Amino acid sequence: MAGEKRFENKVKKYLDSKGCWYVKFFANKFTRAGVPDLLINHNGHFIAMEVKDVDGRFDDELQPWNIREINKGGGIAGVLIPTEGKERFRRHIAREYPEFIDTPIYDFDDLKRILEELEIM
């Protein structure tokens with residue numbers, strides 16, 4: 001968990017540097033289950049990312065469903081992992097969470113590219 005928290009803090013620092021509005025979503029018994037960790041607005045575009053370390057586990061089977069629904073609605077949603085672990089994470093998903101295999105996986109460099117593309121739109 002410590003690695004995931006460090007990565008999340010790195011992402012939030014980057015979002016701050018880009019002037020993004022974001023909120024860290026905390027689930028509890030009064031909120032919807034499976035909502036991604038970071039809800040981001042960048043230049044009017046909705047981005048939702050479930051932040052994971054390369055060996056991260058999924059606690060809620062609704063996470064991929066919520067990610068699919070956000071993408072269907074025109075947002076950008078997926079699992080966000082450190083850049084250096086993308087292939088390792090894909091193998092981890094295939095082995096441990098086959099039901100998540102179709103969930104979009106973005107690394108930190110992908111997030112930077114997405115935000116840069118949204119700036120010129």
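**Helix α2 packing and a salt-bridge network around Glu-8**

Among the elements that cover the buried residues of helix α2 are the strands β3 (45-51) and β4 (76-81). The structure described here is a predicted model, and the helix in question spans residues 62-72, with Gln-63, Pro-64, Asn-66, Ile-67 and Ile-70 as its buried residues. When α2 is viewed down its axis, these buried residues fall within an arc of 160°, so that they line one face of the helix. Beyond α2 comes Gly-74, a residue whose phi is positive, near 100°.

Attention then turns to the charged side chains. Twelve salt bridges are found when the whole structure is searched, and several of them involve Glu-8, as set out below. One of these pairs Glu-8 with Lys-5, at a distance of 3.0 Å from N to O. Both residues belong to helix α1 (residues 2-17), where, being three residues apart, Lys-5 and Glu-8 are separated by about one helical turn. An α-helix has 3.6 residues a turn, so residues three or four places apart point the same way. With a relative accessibility of 38%, Lys-5 counts as partly exposed, whereas Glu-8 is buried, its relative accessible area being 4%.

A further salt bridge within α1 joins Glu-8 to Lys-12, with the closest N and O atoms 3.4 Å apart. Here the two partners lie four residues apart in the helix, again about one turn. Lys-12 is buried, with a relative accessible area of 16%, a value that falls under the 20% limit by which a residue is counted as buried.

Glu-8 also takes part in a salt bridge with Lys-24, for which the closest N and O atoms are likewise 3.4 Å apart. Because Lys-24 lies in strand β1 (residues 21-24) and Glu-8 in helix α1, this pair ties together parts that are 16 residues apart in sequence. Through salt bridges that share partners, Lys-5, Glu-8, Lys-12, Lys-24 and Asp-37 are joined into one network. Within that network, the buried residue Glu-8 is thus described with a partner in strand β1, namely Lys-24, and with partners in helix α1, including Lys-5 and Lys-12.

Note on methods: Residues are numbered from 1 along each chain as its sequence is written. This is a predicted model: local features need pLDDT of at least 70, side-chain atom pairs count only at pLDDT 80 or more; totals for chains, interfaces and linings use all residues. Side-chain values use heavy atoms; hydrogens and water are left out. Buried means under 20% relative accessible area, exposed over 50%, partly exposed in between (1.4 Å probe, protein chains only). Helices (H or I, at least four residues) and strands (E, at least two) are DSSP runs, numbered from the N terminus. The arc is that of the directions from the helix axis to the C-beta atoms. Contact means heavy atoms within 4.5 Å. A salt bridge is a side-chain nitrogen of Lys or Arg within 4 Å of a carboxyl oxygen of Asp or Glu.
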